[in-house]
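Biologist: Please take one part of this model and go through it closely, beginning with a single side chain and then moving on to how rings and charges are placed. I would like one connected account rather than a list.

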Amino acid sequence: MLSCPSTLYASHLTSILAPLFEHFQYRLQCSWDPIIRSGAADAESTKPLNSDGCVQAADKLANNNIETWLLSYYARAGLFVGDLDAVTGEAAVEKARVELTRTFADVIQSALALKGSWALVLANKAKEEQAMKRNDLSKLTSGPRNQIKSDDGPVNADGKALQFLKLSGTSRTPVQIHLDARRLLRIDKMCHFLLLENESIAGYLVLSIVQSLEYPDAYSCRRCTRICHRILETVAWVERYTELIGSRLLTAAVKNIVTEPKWMIGIEWDMINVIRDIYGRLTLGQYFLPGGQGPGLQQLRDPNNSSQFEQTKVVDKPLLGGGILTKPSDFPRHIFIRIGVDQTDLLAVENALNEKRSAKEQKDILRDSLRIAADKLDGQFKRSDENGLLAKANANESLLHQHKRPEVGALPEKLVTYSMQKKAQEKPVEADGAWHGNIFG
């Protein structure tokens with residue numbers, strides 16, 4: 001995808017990516033469904049095929065249609081482990097399942113300029129803009145303060161160190177500078193092609209990312225949150241995406257927070273930021289910097305229709321923040337009401353989000369609201385894996401209940417250290433008398 005000229009996307013990539021994304025969505029779903037359901041029959045279906053089970057697998061293929069057989073084939077990651085022991089075989093299946101999901105997330109990140117050579121182009125561009133803004137061109141040839149400056153011209157913003165000189169960032173050659181200019185033109189084209197030009201490609205791609213948020217793998221989920229921000233920056237203003245984003249994507253994100261599974265520990269703030277991005281763009285008329293960063297940038301009401309917002313000036317530029325849904329959607333409100341947030345509290349949340357625009361304040365507001373919903377829903381979710389990744393995080397691990405942790409009080413008595421005792425025992429040194437100019441006494 002990265003090597004294809006933008007003028008050939010429709011003619012050359014459509015016939016490849018449409019069936020490829022459809023297959024990825026189907027295979028990932030078949031691979032993870034038995035893990036998410038975690039029933040006894042589902043656990044049996046994820047066991048790898050060994051030498052003793054070949055006859056049974058052949059009989060199953062002969063007696064059932066190919067679609068039924070593929071369900072079990074993908075559930076065990078398509079592996080044949082021969083005579084390996086059960087523990088090693090199950091570990092191999094788990095490794096294959098996780099690596100497939102992570103590879104898919106990395107591929108989409110590279111295509112959307114969130115990783116790899118295209119992401120380096122955006123990092124170099126941001127570095128150049130910062131240098132121009134500060135009127136300090138030396139930043140183009142320097143890295144962090146603890147690194148030696150380069151005198152050989154511009155360097156990349158990749159943070160890599162040369163083996164011998166320990167320079168921050170590899171050198172940018174004139175050829176690379178010209179290639180970066182071409183790649184920069186392709187980045188916007190690729191986002192538009194994948195998400196707006198072909199319904200089949202966009203549908204299976206977005207659906208795969210939405211489902212990947214629920215798969216119990218923190219590595220994949222964290223990267224999918226970054227992809228979600230790029231999707232929102234590109235298509236939040238398109239009405240035919242409203243149900244998919246405002247209902248299905250938001251439902252998956254909210255569920256990950258209120259159910260508090262153990263595998264989500266450490267990435268809760270990333271998920272809350274996705275919720276913030278969705279709610280702001282679809283309901284409040286706010287957009288954000290790329291990646292859901294920065295404060296909420298509020299759009300004014302349309303002077304011709306007070307029930308709608310004015311569109312952003314960068315609606316067609318996802319790399320600058322993208323657009324919003326001008327006609328506010330009620331899908332996000334319905335999700336919050338469904339999890340137990342009453343209308344009065346929801347109205348207070350929206351007023352607070354409109355008054356406080358900083359990222360930290362808005363995420364704290366959403367966390368408090370989701371904490372109340374999580375307390376109301378506590379015990380309603382059936383958890384078959386009480387001791388595994390799908391189990392609920394305890395009070396010490398939960399982000400929603402961090403404020404309930406007991407504060408460490410003062411010591412009951414004054415702390416006396418050994419150094420303090422030793423200093424108290426030392427005799428004070430008498431001061432010398434006045435000097436009369438005779439150094440020998």
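Modeller: A salt bridge here requires a side-chain nitrogen of Lys or Arg within 4 Å of a carboxyl oxygen of Asp or Glu, and a residue is called buried when its relative accessible area is under 20%. The model is predicted, and with those two cut-offs in hand the side chain to begin with is Glu268, which lies in helix H11 (residues 268-284). Glu268 is buried and yet has no salt bridge, the nearest side chain of opposite charge being that of Arg222, 7.4 Å away. What the side chain of Glu268 does reach is the backbone nitrogen of Gly266, at 2.9 Å. Leaving aside residues up to four places away in sequence, Glu268 touches Ile257, Glu397 and Leu399, so that another Glu is among its contacts.

Turning from this acid to the rings, a search of the whole structure gives six aromatic pairs. In one of them, Phe24 and Phe104 have ring centres 5.0 Å apart and planes at 40°, and the pair is therefore classed as tilted. Phe24 belongs to helix H1 (residues 9-37) and Phe104 to helix H5 (residues 86-111), so this pair joins parts of the chain that are 80 residues apart. Phe104 has a relative accessibility of 2% and therefore counts as buried.

Helix H1 takes part in another such link, through Trp32, whose partner Tyr215 is in the loop between helix H8 (199-212) and helix H9 (218-235), 183 residues apart from it. The rings of Trp32 and Tyr215 are stacked, with 5.4 Å from centre to centre and 10° between the planes. Both partners are buried: Trp32 has a relative accessible area of 1%, while the relative accessibility of Tyr215 is 3%. Trp32 also has a charge above its ring, for the charged end of Arg97 sits over that ring, 5.8 Å from its centre. A like arrangement involves Arg301, whose charged end sits over the ring of Phe309 at 4.1 Å from its centre. Tyr26, Tyr73 and Tyr74, in turn, are linked into a cluster by ring pairs.

As for the setting of these details, the protein chain contains 15 helices and six strands, and buried residues make up 41% of its 441 residues. Of the contacts in the chain with a separation of 6 or more, 67% are between residues 24 or more positions apart.

Notes: Residues are numbered from 1 along each chain as its sequence is written. This is a predicted model: local features need pLDDT of at least 70, side-chain atom pairs count only at pLDDT 80 or more; totals for chains, interfaces and linings use all residues. Side-chain values use heavy atoms; hydrogens and water are left out. Rings of Phe, Tyr and Trp (its six-membered ring) pair if their centres lie within 6.5 Å; planes under 30 degrees apart count as stacked, over 60 as edge-to-face and the rest as tilted. Helices (H or I, at least four residues) and strands (E, at least two) are DSSP runs, numbered from the N terminus. Buried means under 20% relative accessible area, exposed over 50%, partly exposed in between (1.4 Å probe, protein chains only). A charge sits over a ring if NZ of Lys or CZ of Arg is within 6 Å of the ring centre and within 35 degrees of the ring normal. Lys and Arg count as positive and Asp and Glu as negative; His and the chain ends are not counted. A polar contact is a pair of N or O atoms within 3.5 Å; within protein, one must be able to donate a hydrogen and the other to accept it, and residues adjacent in sequence count only if both atoms are side-chain atoms. Contact means heavy atoms within 4.5 Å.
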